[in-house]
Amino acid sequence: MNEDLRDTIFVKPHEYLTKILGKYISNMLKNVRNDFCNVRRDDKDNKSEGSAEIEGENENDENEEPEKILITDPDSEELDFNHSRLTKLEMLEPLSKIRKLCFTWNLIKKIENLDTLTTLVELELRDNQIAVIENLDTLVNLELLDLSFNRIRKIEGLENLLNLQKLFLSSNKIQCIENLSHLKNLLTLELGDNKIREIANLEGLENLTSLFLGKNKITKIENLGCLKNLQLLSLQSNRIIKIENLSELKNLDQLYLSENGITSIEGLSNCLKLTTFDLGNNKITKIENIEHLVDLEDFWINNNEIEKWTSVENLVVNKKLQTVYLEHNPVAKDPNYRRKIKLLLPWLIQLDATLCK
């Protein structure tokens, strides 16, 4: 055997393997580099073959320009431009039959150029950068308007939207409920996560069935007497210390009052249709004044200060109860907690987060 070859294979094997692997890796990197160059070249040649409705999606991030709307079918009844990096509402005039438009999660700062869309029934502008409600006067057939997660400070510009049924304005910077009394057909009003301190100016909304005012700065339940048809009231995460002024809400079906400072259950004498009652995360020490709620199905009173079993026994009269949350109360520390509840309320389907067996 050739002496040099013998030394390479037998005397210095690690050097031989290093040399072989080096050539293999070098060739592999060369192929990858060539493939990458080909992909870049093809991408450059075909950069105009993007979305049918949004132009410019293949441009480099470093040189990104605002996207523009491109209408491919003027007869479209529904269009969704969700998460399209749009900064402006424009070039929508060809849409003569449009009923639903969605611009959720974009960079739009102003409501504009919608005057010709008189057939529009639903408009979603959720999660943008809009500061003012404006330029909606011609959208007289609008039934749903979603402006949640924007930068709006005032409720205004809705004067002509007399057919509006659902209005979503959650997660803005609104401080006052106002300019809504003319919306006679409104069924759902969502104003959660704002800076509202007082429930007021709801007169004229007799047909309202759902009112969401959670996560505000409200200290008192008041001025709800005009909402005769209200079925759902959400006041979670506020600063309320007393349940009151609900006597006119005889059609109330769901009441959410969790995460407040309520100390006792009261003021529900006329809420006979209540099926869901949420009082979690308050300061309640006793279960009382709910024996007349014969249709009650879901009762959440977790994270309170219930410590006496005699208080829990007051639920025996509520024969339609299906779900009860009592966890994180002193009474739940009893080693036989679940067994006692099941014996007391054998018709329960769920206790806390666990189904009853």
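**Contacts, burial and salt bridges in a predicted chain**

User: Which residues does N304 touch, not counting residues up to four places away in sequence?
Analyst: The model is predicted, and in it N304 lies in the loop between β13 (298–300) and α3 (309–312). Once residues up to four places away in sequence are left out, the residues that N304 touches are L279, G280, N281, N282, K283, I284, H328, N329 and P330.

User: Is N304 buried or exposed, and what is its relative accessible area?
Analyst: A residue counts as buried when its relative accessible area is under 20%. N304 falls under that cut-off and is therefore buried, with a relative accessible area of 6%.

User: Which backbone oxygen lies 3.0 Å from a polar atom of the side chain of N304?
Analyst: The side chain of N304 has a polar atom 3.2 Å from the backbone oxygen of I301. The backbone oxygen that lies 3.0 Å from a polar atom of this side chain belongs to L279.

User: What is the relative accessible area of R197?
Analyst: R197 has its place in the loop between β8 (188–190) and β9 (210–212). Leaving aside neighbours within four places in sequence, R197 is in contact with Q175, K217, I218, T219 and R239. The cut-off for an exposed residue is over 50%, and R197 counts as exposed because its relative accessible area is 51%.

User: Which residue meets R126 in a salt bridge?
Analyst: R126, in the loop between β5 (122–124) and β6 (144–146), counts as partly exposed at 30% relative accessibility. Its salt-bridge partner counts as buried, at 8% relative accessibility. The side chains meet at 3.7 Å, N to O, and the partner is D146.

User: How many residues apart along the chain are K320 and D295?
Analyst: K320 forms a salt bridge with D295, in which the closest N and O atoms are 2.8 Å apart. The pair links distant parts of the chain, with K320 in the loop between α3 and β14 (323–325) and D295 in the loop between β12 (276–278) and β13, and the separation of the two is 25 residues.

User: Which residue, K340 or D334, counts as buried?
Analyst: The side chains of K340 and D334 meet in a salt bridge at 2.7 Å, N to O. K340 counts as partly exposed because its relative accessibility is 32%. At 18% relative accessibility, the residue that counts as buried is D334.

Note on methods. Residues numbered from 1 in each chain as written. Predicted model: local features only at pLDDT ≥ 70, side-chain atom pairs only at ≥ 80, totals over all residues. Heavy atoms only, no water. Helix = DSSP H or I, 4+ residues; strand = E, 2+ residues; numbered from the N terminus. Buried < 20%, exposed > 50% of the residue type's maximum accessible area, 1.4 Å probe, protein only. Polar contact = N/O pair within 3.5 Å; in protein donor to acceptor, adjacent residues only side chain to side chain. Contact = heavy atoms within 4.5 Å. Salt bridge = Lys/Arg side-chain N within 4 Å of Asp/Glu carboxyl O.
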